[in-house]
Amino acid sequence: MNRYKLMLAALIAVFFTACIQIEEEVELNNDGSGQINVKTDMGKLFEMVKTFASEEDLQKDNLGKNMDTLINLKDFIDTATNISAENKALLRDGIMKVKMNLKENLFNLDLKYPFRNVSDANKLYSAINENGMMENALKGLNPNGSQAGAGSDPSMPAASGPGLEKFGSVYDISISKNEYKRTLNRARYDSLINDPKLQESKGMMAMMGVMEMNLTVKLPRKAKSVSNPKATLSDDKRTVTLKNDLTVALDSPENMEIIIKY
């Protein structure tokens, strides 16, 4: 792997879940079912890499190949040896869309995880954080958009941690019939914030400008109360949106706590 691939791999490792913009959307239905959708825009990584390497150089290194693909996560979850049977059942119905276009500075990941009831929803959040599904899914791709396996192209950059890819795990998520709750787990936050790799990441974040990390919760009925004053409520009171800057959240994680009663 040459220096351009190494550079891109390093940038992905630093900014994996919050590199530019991450949109988490939770959809809750009356019967307790729903879906977690996480959209991540990492297009600015290409902008940065292209300041060090020409498009021609990157094309030669297979980093310029366009990708527009849909992946069923069960294709590698079912055969994974480091995921429990319970977590496999929770994660296997997830899908990931990948769009990558070097010329257009496009690098988007869209992950969707359905759940059947609120109990599964709570377990699903733990499974996602525990198994690093976004990171592992990207590792399972090669530049042609197919899943990696024997003989796959190793040139596809992969994320590594720990670092910002672990930030979502510092919150405890609890969903019940009448409440959505996201609260800071102080012990996990303290452990993460003191990690040397995260400190390195914070040092590089100044290069990226504003990095959004937003939450949208679509409710099965009207909200009765919303604890965070920075959150906004839709006209029909069934959609709550909380927008954040990750650089601020790293130092003031309480800004991303929220309790919604409905």
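Across the protein chain, pLDDT averages 78, and 69% of the residues reach at least 70. This is a predicted model, so keep an eye on the weak spots as you look around.

Two stretches deserve some caution. Over residues 13–18 the pLDDT stays under 50, and the model has 27 contacts there beyond four places in sequence. Residues 136–162 also stay under 50 in pLDDT, with 66 contacts beyond four places in sequence.

**The chain as a whole**

The secondary structure adds up to 10 helices and 12 strands. Of the chain's 262 residues, 48% count as buried. Take the contacts between residues at least 6 apart in sequence: 69% of them link residues at least 24 apart. The accessible surface is about 12,400 Å², and carbon and sulfur atoms account for 47% of that.

**The sheet and its edges**

Which order do the 8 strands of the open sheet follow? Reading across, they go 3-4-5-2-1-8-11-10, with mixed pairing. Strand 3 and strand 10 (232–233) are the edges, each pairing on one side only.

**Strands 3, 4 and 5**

Let's start at the edge with strand 3, residues 67–72. Its side chains alternate: Met 67, Thr 69 and Ile 71 point to one face and are buried. Asp 68, Leu 70 and Asn 72 point to the other face and are not buried.

Strand 3 runs antiparallel to strand 4 (residues 95–101), and 6 bridges join the two. Strand 4 in turn runs antiparallel to strand 5 (residues 106–115), this time with 7 bridges. If you want to find the register on screen, here are some of the facing residues:

| Residue | Opposite residue or bridge partner |
|---|---|
| Met 67 (strand 3) | Met 100 (strand 4) |
| Asp 68 (strand 3) | Lys 99 (strand 4) |
| Met 96 (strand 4) | Leu 111 (strand 5) |
| Lys 97 (strand 4) | Asp 110 (strand 5) |

Put the table next to the alternation in strand 3: Met 67, on the buried face, sits across from Met 100. Its neighbour Asp 68 points to the other face and is not buried, and Asp 68 stands opposite Lys 99. One strand further in, Lys 97 of strand 4 has Asp 110 of strand 5 across from it, while Met 96 is bridged to Leu 111.

What do strand 4 and strand 5 form together? They make a hairpin, with 4 residues between the two strands. In that turn, Asn 105 has a positive phi of about 55°.

How values were computed: Residues are numbered from 1 along each chain as its sequence is written. This is a predicted model: local features need pLDDT of at least 70, side-chain atom pairs count only at pLDDT 80 or more; totals for chains, interfaces and linings use all residues. Side-chain values use heavy atoms; hydrogens and water are left out. Buried means under 20% relative accessible area, exposed over 50%, partly exposed in between (1.4 Å probe, protein chains only). Two strands pair if DSSP finds at least two bridges between them. pLDDT is the predictor's confidence in each residue, from 0 to 100. Contact means heavy atoms within 4.5 Å. Accessible areas come from the Shrake-Rupley method with a 1.4 Å probe; for residues, only the protein chains shown count as cover.
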